[in-house]
Amino acid sequence: MAKLLIKNGRVMDPETGHDQVADILIRDRYVVRVGQNLHAIAATLFDATGLVVAPGFIDMHVHLREPGFEHAETIETGSRAAAGGGFTSVCAMPNTQPVNDDATVTRYVLERAARSAVVNVFPIGAITKNSAGQELAAIGSMKNAGAVAISDDGKPVMNSRVMRRAMEFARVFDLPVIDHCEDLELSAGGDMHEGLESTRLGLKGSPGCAEDVMVARDLLLVEVTGARYHTAHVSTRRSLELIREAKARGLPVSCEVTPHHLALADADMIPYDSNYKMRPPLRSRQDVAALADGVAAGVVDAIATDHAPHPGSEKMQEFERCPHGVIGLETALAVALQVLVHSGRIPLMRLVELFTLGPARILGLASRGRLSAGMAADVTIFDPDVEWTYDVNRSLCKARNSPFDGRKFRGAPVATVVGGRIVWQR
Amino acid sequence: MAGLLGIEGLERSEIEAILNRARDFQPFENHTYKRLDVLKGKLIVNLFFEASTRTRTSFEIAAKRLGADAVSITAAGSSVSKGESLVDTLNTLAAMHPDAIVMRHAASGAPHFLARHLATPIINAGDGTHEHPTQALLDARTILDQRPSLEGLRVAIIGDIAHSRVARSNIHLLSKFGVDLVLCGPASLAPPELARIAPGVRITYDMREAIRDADVIMMLRVQLERQHEAFFPGGEYFQFYGLRLEHLDLARPDVLVMHPGPINRGREISSEVADSQKSVILSQVENGVAVRMAVLERILGGHGKTAD
């Protein structure tokens, strides 16, 4: 029986509110005890003095690119980057080749993960076949095979009737429906946020209202269907207001924000640098401020990276031809600490919640995102104050498309424990 | 000057220096442009990813009049059309050691992207819907041939401003010289953000208001390739935003009518206006060579004064 004893860390559990220096004893894949002065025979010791010991971080929005785009990322490399960012679990978005729209693909992802991943991988199934927005995917079989949610992510379901049917069906299986909210007609292939900057640079704009109208539509459909619904990477002030109002009326609605949308506005982009190109785009300063407000006010339930690796050759093109997306697993904690905690916007416990209990609740992962006896032995150990500089060329993932290269940070993960094993250490 | 990517980042003094120097290169009466050898031995590559007869020819003549060797490459028939990436194309060209690359590209920011990766000076000959700096310079030269200064002039820019690189460069240039600038077009082609990209700019959707008391009217080409996007009802453009003779009565009597060409007669401008005494469209073409000579000389001729 493998044992791990984590000594003298500041143990934070957002579920119970526990926040004091303590030891954690892990046996095999579970937490056995959290308490003072624990001892164990033949246990591996980890001295966490001066460090925060939190439930394992969960990133509910990651593109692992496997199967089909292994030149950009694999389940193995993506999982290593996740571990390096302090994540013990990631959700794999279904926009692979083939799309994860039936149980065969879901099982393939899980089998590949079992063989090569160093963190837990939870597949997200597609809403529609091939994410084409027409026929429903094999939602029930994917759930039975291990899918934890459904989403067509970057190819949002434009047909409202199809979306309604998907919500009705997902409700039967108690699966959350995750939507990347973007009216593709309104956004019309925009390359950045529509505003002064896009006008100045002569780039096609994607207006904030392209997101807002889809959030509004979805919330109206939730009211009709009662489905559990989650808005991915909210980026506008108005979308957040709509979600807040829906929550106030008791609808089963949740949402996530990304570190890059919390930290960067359209005006921060180095002109025509495709490392700043993603969907939704970096929005206005007002939107960025509203997202931090939303986190502080409790409207936001989770922080997710939307880690989207692209090979250098694809990002080294004319801006309008470059694919959307940035990597984010290894900078997520540091960016969030900087924008939210060191700035005084939220207490550290709330930040931990956004990375742990928040996503665990949305995904129905009952034994994760919590740190107490009986829970899965997924633990993230981090130093909230260590100063370091991000060098994207040392990233554990395959891609290099980050807007944070060279940025100085305060706070970083120190060790990542998955299923009782230390899988990464700084 | 390390290159010329746009007007926005240029100092006013730099613009003045180019405009003054361009006057030396203007043809005198029936003579052609002066021939000099200040750029003898220099190699200039004109790389046109987008078709353009007048700008490309103008740059070629400018280079040759200064004694430089000029090579023009157009996308059709080159390795670009065989799927070579922009970076690879430019790396290949850079290995041939040109002294400058003049570049036209359909994507906004393409020259800026390359300027970050290449040491060769890059001159932007029009990038997407962003900037067309030498066009704004030749427009300013054309106005200054007729007026003592730009300060206080009232200039109306009319048409598809949202998608116009000519408009953006002109807005930046004229704003730096204290011009009273009015932009006019249907709301879908003249978004309110345009009034905020430079000081002293306002927007009206009423063409008559834009033209009233104008010293200069700059008409923009209607981008025929964008018609399918329904920015305005088909067939209504000329009725509301086409320049006709009767409009000119609202402007100052000595108003100058300009157009970057090529003209769509009867679409954005009537033939009568295009051919009228007030039109300086051909002077613009003529000044194109003179201004580009001044730009090339400034970037390649060791005149030393740097702007950026």
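Two residues are in contact if their C-beta atoms, placed from the backbone, lie within 7 Å. The exercises below use this definition throughout.

The model is predicted: local features need pLDDT of at least 70, side-chain atom pairs count only at pLDDT 80 or more, and totals for chains, interfaces and linings use all residues. Residues are numbered from 1 along each chain as its sequence is written, and chains are lettered from A and ligands numbered from 1 in the order in which they are written.

**Exercise 1. The contact between the chains**

Task: Find how many residues chain B and chain A each bring to their contact, and which elements of chain B take part.

Solution.
- Step 1. Chain B contributes 19 residues and chain A contributes 15.
- Step 2. On the side of chain B that touches chain A, helix 3 (86–94), helix 4 (110–117) and helix 6 (165–176) of chain B give two or more residues each. Helices (H or I, at least four residues) and strands (E, at least two) are DSSP runs, numbered from the N terminus.
- Step 3. Helix 4 of chain B gives the most to this side, with 3 residues.
- Step 4. Sorted by class, this side of chain B has 8 nonpolar, 7 polar and 4 charged residues. Here Ala, Val, Leu, Ile, Met, Phe, Trp, Tyr, Cys and Pro count as nonpolar, Asp, Glu, Lys and Arg as charged, and the others, Gly among them, as polar.

**Exercise 2. The domains of chain A**

Task: Give the domain bounds of chain A and describe the side of domain 1 that touches domain 2.

Solution.
- Step 1. Domain 1 of chain A covers 3–52 + 377–425, and domain 2 covers 57–363. Such bounds come from an automatic or database domain assignment.
- Step 2. The C-alpha centres of the two domains of chain A are 25 Å apart.
- Step 3. Their contact takes 28 residues from domain 1 of chain A and 44 residues from domain 2 of chain A.
- Step 4. Strand 16 (379–389), strand 17 (408–418) and strand 18 (421–425) of chain A each supply at least two residues of the domain 1 side. Strand 17 of chain A gives the most, with 7 residues.
- Step 5. The domain 1 side divides into 16 nonpolar, 6 polar and 6 charged residues.

**Exercise 3. A covered helix in chain A**

Task: State how many residues of helix 1 (residues 75–84) of chain A are buried, and what they pack against.

Solution.
- Step 1. A residue is buried if 20 or more other C-beta atoms lie within 10 Å of its own, exposed if 12 or fewer, and partly exposed in between, with C-beta atoms placed from the backbone.
- Step 2. In helix 1 of chain A, 9 of its 10 residues are buried; among them are A:Ile75, A:Arg80 and A:Gly84.
- Step 3. The buried residues pack against strand 6 (57–62), strand 7 (87–92), helix 2 (103–116), strand 8 (120–125), strand 17 and strand 18 of chain A.
- Step 4. Just after helix 1 of chain A, A:Gly86 has a positive phi of about 90°.

**Exercise 4. The domains and sheet of chain B**

Task: Describe how chain B is divided, and give the strand order of its open sheet of 4 strands.

Solution.
- Step 1. Domain 1 of chain B covers 12–131 + 285–300, and domain 2 covers 147–279. Their centres, taken over C-alpha atoms, are separated by 26 Å.
- Step 2. Contact involves 9 residues of domain 1 of chain B and 9 residues of domain 2 of chain B. Helix 1 (12–25) and strand 4 (122–127) of chain B each supply at least two residues of the domain 1 side, which has 1 nonpolar, 4 polar and 4 charged residues.
- Step 3. The open sheet has the order 2-1-3-4, with parallel pairing. Two strands pair if DSSP finds at least two bridges between them.
- Step 4. Strand 2 (69–74) and strand 4 of chain B are the edge strands, each pairing on one side only.
- Step 5. Strand 3 (residues 100–105) and strand 4 of chain B pair in the parallel sense over 4 bridges, and B:Met103 stands opposite B:Asn124 in strand 4.

**Exercise 5. One loop residue**

Task: Locate B:Asn264 and decide why it counts as partly exposed.

Solution.
- Step 1. B:Asn264 is in the loop between strand 9 (256–258) and helix 10 (271–274) of chain B.
- Step 2. B:Asn264 counts as partly exposed because it has 18 C-beta neighbours inside 10 Å.
- Step 3. Not counting residues up to four places away in sequence, B:Asn264 touches B:Arg221 and B:Val222.
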